[in-house]
Amino acid sequence: MAPAAEGGATTQTPETVDVIVVGTGMMGLYALYCLREREMSTIAFEAGDGVGGTWYWNRYPGARCDMESVQYSYNFSKEVRDEWNWTHRYATQPEILSYLNHVADRFDLRRDIRFETRVTSAVFDEKTHLWTLETDRGDVARARYCIMATGSLSTPFRPDFPGIEDYQGEWYHGGTWPHHEVDLAGKRVGVIGTGSTGIQLTTEIAPVVKHLTVFQRTANYSTPARNRPLREGELDEFKANHAEWFREATYSHTGITSNPPSTNRSAHDDTPEERQLLFEDRWGIGGQPQIILAIYNDINTDQEANDMVADFVRQKIREIVDDPDVAELLCPDKGQPIGSKRPPIDSGYFEMFNLDNVSLVDVRSAPIERITPTGLCTTDDEYELDVIIFATGFDALTGAMLAIDIRGRDGVVLKDIWAEGPQTNLGIMAAGLPNMFMIHGPGSTSVKVNMFIGGEHQIDWIMECIEHLDANGFVCIETTEEAQADWTAHVQEVANESLQPVADSWYVGANIPGKPRVYMPYFGGFERYWKHCDEIVADGYRGFRLSRSDSSETNPSVAAE
Ligand code: N01
């Protein structure tokens, strides 16, 4: 491929394909599969040297999925389902990555993928109706459509502590964990962050390190994963009943089913004794967060109902952790409803704090000030560390899109239009960016729903849309500003009916300094989302402007607005 000419202009003739896919995680792969089925020409750009996205990058010790592996799988291919056998209730990162590699190989998807290539810009040409994408390796490629499968949690965030360049030890981020073996045995290790990554990672490494210091800013409600190998017959039963499961998941809020399911009654309907029995029972069963968080139907909306579960988890933490001061520090504050930060599940996290080689440091009362050559300093102490691990999360939902210089119609720049928070229609399109589709974009169910079911649905919707455009002689589809404003307002309204926006979570961008506080995912539930998407199509792509090459707008629903 030709190098970039001086001044950034390129000298090569751009390749032109029907569709460019950006990212080859779970959904980039499915998009490639769908495009291949339709005999559309494609190029996929992938920053990593392999497929898998999240599961390619997050290879830290202990990384595993906290949704049941049988449900956290593709649904589009019976063959893949039949031939792949998950081993555990919750799969490890290597197992999930093998699965995604298997799918890439099975459908020969790699031949369209340019690895180790990061897209740097995407510019729309109004005359040709083509997008031109450039990469950090000098590729220039054009396409009529772009599918941005760039991931929801794919832009790692590391706080800008001064001194890191002079640190003499090793440091890592959970989201960019090296491919080589990292030997932590016998070392003094500090882990910053107690989200899902920090909880999984610390629990895994505590037994091997010399000393583990956990730097906690916000305590987290974590519940037992109770992971185990799948029982004989369990997998076969799931496969045999997949159609029923799929239907139930499709008509659910989360795209996930839980066993036992919700009681579907209010927490106020039970006596304290009945609640305690139920909580104890579910704690014993453990598993994906819904097992406990969906016991009652008002935990997400009613502060008192939420407090009942939260108090139970705090009670459990106090029972498990020997040192009462440490236990108190590990109990989340009353002002943080359970479930308003992404709930982790664990395999002995609280028990870990009873080990002699593990200590907990509260960096809310005494924040980390700087990294020193031999460790780090908080405002009231200094810690000697051979290794520092940042489990400090991601610039979620918007980070990956905003890392690309995206310029659409009439000089629209994505960074500008999202400056006050993301605006989209359905989380699939943004105004001013014709023919650019996002998967799991802000305003879609994304991280609040089974990412496989939700993502497959979006890609199916996009494929149908492209077919509709082609069959009817349209060259462009673009959301109207009005429909985008309505959808963005609806996303906020729905979130505000719940306790979701209360905590300082990555859902609202609170983890990234300067990021506008906006609840980003759609919390209206999967059933409501896909039905709404269907209605839009049935209404002739209501709220979308479909245009022919002479730019005439012929979408009747838009004309009527
Ligand atoms: O990141 P997080 P994560 N000083 O943002 C702390 C998915 N996931 O990588 O809470 C000190 O949740 C921060 O503190 P606070 C899952 O969706 C899934 O753990 O902001 N601390 C927090 O404790 C998950 O939610 C799995 O006060 C600082 C932590 O860093 C999402 O990815 C596994 C700090 C970041 O927690 C992100 O999880 C892993 C500072 N300056 C991840 N800055 C599965 O099992 C930040 N922190 C599927």
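**Close-ups of a predicted model**

**View 1. Helix α15 is mostly covered, with 15 of its 21 residues buried.** Keep in mind for this and every other view that the model is predicted. Helix α15 runs over residues 451-471, and at 1.5 Å a residue it should span 30 Å; its end C-alpha atoms do sit 30 Å apart, so the expected and modelled spans agree. Look at the N-terminal end and you'll find N450 acting as the cap, with a side-chain oxygen 2.9 Å from the backbone nitrogen of F452. Past the other end, just after α15, G473 takes a positive phi of about 75 degrees.

**View 2. Helices α1 and α15 cross at roughly 35 degrees.** Here α1 covers residues 26-37, and its axis comes within 10 Å of the α15 axis. The crossing is right-handed. On the α1 side, the residues to pick out are M26, M27, Y30, A31, C34 and L35. Facing them from α15 are M451, F452, G455, E456, I459, D460 and M463. Sorted by class, this contact comes to 10 nonpolar residues, one polar and two charged.

**View 3. Helix α4 has its own set of buried residues, including Y99 and L100.** What span would you expect for the 14 residues of α4 at 1.5 Å a residue? For this helix, residues 93-106, the answer is 20 Å, and the end C-alpha atoms are 20 Å apart, so the two agree. The buried residues are Q93, E95, I96, L97, Y99, L100, V103 and A104. And what covers the buried residues of α4? The cover includes α1 and α15, the pair from View 2, along with α2 (54-57) and α3 (78-83). Just after α4 comes D108, with a positive phi of about 55 degrees.

**View 4. Y296 is a buried tyrosine in a loop, and its side chain makes a polar contact with D270.** The loop in question sits between α9 (290-293) and α10 (303-320). Is Y296 buried or exposed? Its relative accessibility is 2%, under the 20% cut-off, so Y296 counts as buried. The polar contact goes from side chain to side chain, at 2.7 Å. Leaving aside neighbours within four places in sequence, Y296 is in contact with S262, T263, R265, S266, A267, D270, R275, L278 and F279. For a sense of scale, Y296 and G62 are 30 Å apart, C-alpha to C-alpha, with their positions 234 residues apart in sequence.

**View 5. R314 is a buried arginine in helix α10.** Its relative accessibility is just 4%, so R314 counts as buried despite being a charged residue by class. The R314 side chain makes a polar contact with the side chain of D311, at 2.9 Å. Once residues up to four places away in sequence are set aside, R314 touches Y221, C331, P332, D333 and K334.

**View 6. F124 sits in strand β4 and is buried.** The strand covers residues 119-125. F124 has a relative accessible area of 6%, so it falls in the buried class. Which residues does F124 contact, leaving aside its neighbours within four places in sequence? They are H129, L130, W131, R407, G408, R409, P434 and C476. I406 is worth finding too: it is 282 residues from F124 along the chain, yet the two C-alpha atoms are separated by 8.4 Å.

**View 7. Three loop spots have backbone geometry to check: P260, L397 and S446.** Start with the peptide bond from N259 to P260, which is cis, with omega near 5 degrees. P260 is in the loop between α7 (242-250) and α8 (272-285). Next is L397, which isn't a glycine but has a positive phi of about 65 degrees. L397 lies between β16 (387-390) and α13 (399-402), and its relative accessibility of 4% means that it counts as buried. Last is S446, another residue other than glycine with a positive phi, this one near 30 degrees. S446 lies in the loop between β18 (436-438) and α15, and with a relative accessible area of 1% it is buried.

Conventions
Residues numbered from 1 in each chain as written. Predicted model: local features only at pLDDT ≥ 70, side-chain atom pairs only at ≥ 80, totals over all residues. Heavy atoms only, no water. Helix = DSSP H or I, 4+ residues; strand = E, 2+ residues; numbered from the N terminus. Expected span 1.5 Å × (residues − 1). Buried < 20%, exposed > 50% of the residue type's maximum accessible area, 1.4 Å probe, protein only. Polar contact = N/O pair within 3.5 Å; in protein donor to acceptor, adjacent residues only side chain to side chain. Axes fitted to C-alpha atoms, helices over the stretch in contact; angles between N-to-C directions. Left-handed = near helix turned anticlockwise from the far one by under 90°. Contact = heavy atoms within 4.5 Å.
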